[in-house]
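Subject: Structure handover

Hi,

Here is the structure I promised to pass on. Please open it first; my notes follow underneath.

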Amino acid sequence: MEHKLVPLIVEDDPLAQKSLSYLLTKTNMFEEAVVCGTVTEAFEYLNRKTADIIFLDIELPDLSGLELLKLFPAHAPVVVTSSHVEMAVECFDFDVVDFLTKPFSYTRLLRSIQRATKKLPDQQVIPEKAPVKNYIFLPTGRSTVRFNYSDILYIEAYGVYVKIVTPDGTVVVNQMLSNIEEVLPQDPFLRIHRSFLVNLNHINRIATNEVRVSTFFLPIGMSYKEKVAQKLKSSGLLNE
């Protein structure tokens, strides 16, 4: 059956509640999270409804989060979220699938979700596909022009404007480079210099201090070198 998963977050910290809810939404695998601030609230919810995965804090206002697992021995897959690493061993006695140490990264959370979904009954969970946007509209003079990402070779700072260079020529846009960098996807665009933003898909030569994009040689800024090297390696354009 194809459906989104129902997550139950048992957490009393409002900031932690919002942060985890946001990250779960970001995966496109979950419905809106059910949030309970105490063991009692979670107990009442689970007596009426079910959850596919439980994200459980240990230190709660009324009882320890582990008390909830004692009340429901045949519980859904549980990911414990806690800053108390010393509790990890005891938690695994309750057959939890993972122990997330706060604060945790999005990548680490994804690993926990992967472990939890393996414990679910056979079913197909289909992430909702976000529409793919492969273009951007930018102001040029008194009009607004559409630029396909694949057509952009590089973008060069030009005072308070920028020059967008494509195979068909150069267009001056009424935007600053830093503003355009914020709205363009990090893949395939990369800032290599305070004045240049390049499309990685059009790089055809890499040197120590410059890259060639089509027939153009663009400098790599000193302060950008390490970041550029890391990105080129992760993109497979530069050998380790």
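Y158, V160, Y161, V172 and M176 make a nonpolar surface patch of about 460 Å². This is a predicted model, so please read everything below as computed from it. Within that patch, M176 sits in the loop that runs between β10 (169–173) and α6 (177–183). Its relative accessible area is 41%, so M176 is classed as partly exposed; the class covers values from 20% to 50%.

There is also a charged patch. D12, D13, E59 and E86 form it, and its sign is negative. One of its members, D13, belongs to the loop between β1 (7–10) and α1 (14–26). D13 counts as partly exposed because its relative accessibility is 35%.

Next, the backbone. Most peptide bonds are trans, and most residues other than glycine have a negative phi. The items below are worth a look with that in mind.

Cis peptide bonds:

- K102 and P103 are joined by a cis peptide bond, with omega at about -10°. P103 lies in the loop between β5 (98–101) and α5 (106–117).
- D187 and P188 are joined by a cis peptide bond too, and here omega is about 25°. P188 lies in the loop between α6 and β11 (189–193).

Positive phi outside glycine:

- D95 has a positive phi, near 60°, and is not a glycine. Its place is the loop between α4 (88–92) and β5. With a relative accessible area of 54%, D95 is exposed, because the cut-off for that class is over 50%.
- S214 is not a glycine either, yet its phi is positive, at about 60°. The residue is in the loop between β14 (210–213) and β15 (216–219). S214 has a relative accessible area of 29%, so it is partly exposed.

Two elements come up twice in these notes. For α6, the loop before it holds M176, and the loop after it holds P188 of the cis bond with D187. For β5, the loop before it holds D95 with its positive phi, and the loop after it holds P103 of the cis bond with K102.

One question to take to the viewer: is D95 buried or exposed? It is exposed, at 54% relative accessible area.

That is the list. Over to you.

Best wishes

Terms used: Residues numbered from 1 in each chain as written. Predicted model: local features only at pLDDT ≥ 70, side-chain atom pairs only at ≥ 80, totals over all residues. Heavy atoms only, no water. Patch = residues over 30% accessible without salt bridge, like charges linked within 9 Å, V, L, I, M, F, W, Y side chains within 5 Å. Areas by Shrake-Rupley, 256 points an atom, 1.4 Å probe, with all protein chains shown as cover. Salt bridge = Lys/Arg side-chain N within 4 Å of Asp/Glu carboxyl O. Lys, Arg positive; Asp, Glu negative; His and termini not counted. Charge placed at Lys NZ, Arg CZ, Asp CG, Glu CD. Helix = DSSP H or I, 4+ residues; strand = E, 2+ residues; numbered from the N terminus. Buried < 20%, exposed > 50% of the residue type's maximum accessible area, 1.4 Å probe, protein only.
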